[in-house]
Amino acid sequence: RHGAVKNEDTFKTSPFHFDLWFYFTLQNWVLDFGRPIAMIILPLEWFPLNKPSAGDYFHMAYNVITPFLLLKLIERSPKTLPRSMVYVSIIMFVMGASIHLVGDSVNHRLIFSGYQHHLSVRENPIIKNLKPETLIDSFELLYYYDEYLGHSMWYIPFFLILFIYFTGCFTPVEEESRMPVAALLLMGPSSLYYWYLVTEGQIFILYIFTFFAMMALVMHQKRKGLVLDSNGLFLFYSFIITLVLIALWVGWLWNDKILRKKYPGVIYIPEPWAFYTLHMNNLHAAKESL
C-alpha cells in the first residue's frame, strides 16, 4: 500500500549505495555544473547562437538521468516511502528543470553578446537600450521563468525527494552508523556540488529549511534509539559541509560592493556566475560577426 510503512521494513538496513551516489555526483558535476562551461569553451561555429548549445544538450541529459537516479534511490530505501508524493515530485522536477532549460539557454547565450550576470536585467547595457522598451519586459519575463519559477519547480521537489529518502535512513544497529571509505571520498565532491546548487540557484532558504528538518528528525529518532545508517550519514554530513562552504563563500565576498548591489536582501549569497562575469570573464568578448 502506497505511503504505508510495513512492519517488516522497520529494522531493515541497506549498505552504502556507492554506485548510485557516484553516478549522482558525477552527472551533477558533468551535466549541471559542466553545461555552461561546455557552452563557453566549445567553438561557436559548432553551436550557432540561434541553435541549442552543447550545454543545452547536457541539460537535456540531466533532465532524463537525474529523475531516474532519484527513483532508483527511493527504491533502495529500507522502508516503504510515500510513492504518490515521490511521483508527483518527480513530475514537478522534470517540468521545472525543463522550464529552466529554455530560460537558462537564452540567458547564458547572451554572454556572447556582452550580457553581464552581475547586473540586473534592466541595468545590462545590451538590454536597457532596446526599442521598444516593452522588449525589456519580455527579457525580465524570461529571467523570471529561469531564476524563479524554473528554480522553484526544480529544486523544491529535488530537496523534498532527498528528505523523503532521508526519513528511511535510520537503524537501531550502532554498527551500521558508520561510513565506508568510499563515502568519505565522495563527500567532498558531493558537498561542493551542493554549494554550487545553493549559491547559483539562490535557494539558501530551501536548503537551510531542509537541513533543519533533517536535524530535527535526527534528534527525534535518537530519542527512539535509532541512528543514521551510512547513506543517511553521507547525506547529512554533505549538507553540513555545504553550509560551511557557503559561509566561507559569503565571508570572502562580504565587502564586494557591486555584488552587494545585485543581492541587496538580508540573505547575501552571490551567484558563482555573477562573480565570474564580474571578475573573471575574459574568455569571450562580443563577437564582431554577430
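Contact, as I shall use the word, means heavy atoms within 4.5 Å. The structure before you is a predicted model, and I should like to begin with one tryptophan.

W195 lies in helix 6. Setting aside residues up to four places away in sequence, W195 touches T242, L245, I246, W249 and P272. Is W195 buried or exposed? Buried means under 20% relative accessible area; W195 has a relative accessibility of 14%, and therefore counts as buried. As for its relation to F93, the two residues are 102 residues apart in sequence, and their C-alpha atoms are 19 Å apart in space.

F93 brings us to the nonpolar interior. F158 is in contact with F93, and also with F24, L70, Y194 and L197, when its neighbours within four places in sequence are left aside. Both F158 and Y194 belong to the largest nonpolar core, which has 68 residues. Which of these residues touch the most other members? They are W21, F158, F166, Y194, L235 and F239. Two or more residues of this core come from each of helix 1 (18-41), helix 2 (54-75), helix 3 (83-109), helix 5, helix 6, helix 7, helix 8 (230-252) and helix 10 (272-280). Apart from it lies another core, of 6 residues, including Y115, I127, I136 and Y143.

I turn next to the largest pocket, whose volume is about 650 Å³. It is lined by 26 residues, and those closest to its centre are Y143, Y148, Q202, Y263 and E271. Y143, then, is a member of the 6-residue core and also one of the residues closest to the pocket centre. The elements giving two or more residues to the lining are helix 5 (134-166), helix 6 (181-201), helix 7 (204-222) and helix 9 (257-262). Which element provides the largest share? Helix 5 does, with 7 residues. Sorted by class, the lining comprises 13 nonpolar, 6 polar and 7 charged residues.

Finally, the database annotation. The unreviewed UniProt entry assigns "transmembrane region" to residues 20-42, 57-74, 86-103, 154-173, 203-220 and 232-254. Two of these segments may be set beside the model. Residues 86-103 are 100% helix and 0% strand, with 26 Å between the end C-alpha atoms. For residues 203-220, the figures are 94% helix and 0% strand, and the end C-alpha atoms are again 26 Å apart.

To close, I return to W195, which is buried and has W249 and P272 among its contacts.

Definitions and conventions
Residues numbered from 1 in each chain as written. Predicted model: local features only at pLDDT ≥ 70, side-chain atom pairs only at ≥ 80, totals over all residues. Heavy atoms only, no water. 1 Å grid on protein atoms, 1.4 Å probe; cavity = no way out; pocket = protein on both sides within 12 Å on 5 of 7 lines; lining within 4 Å. Points joined across faces, edges and corners; volume = space filled by probe spheres on them. Helix = DSSP H or I, 4+ residues; strand = E, 2+ residues; numbered from the N terminus. Nonpolar A, V, L, I, M, F, W, Y, C, P; charged D, E, K, R; others polar. Buried < 20%, exposed > 50% of the residue type's maximum accessible area, 1.4 Å probe, protein only. UniProt positions renumbered as here; feature names shortened; annotations may be inferred. Core = buried A, V, L, I, M, F, W, Y, C linked by side-chain atoms within 4.5 Å.
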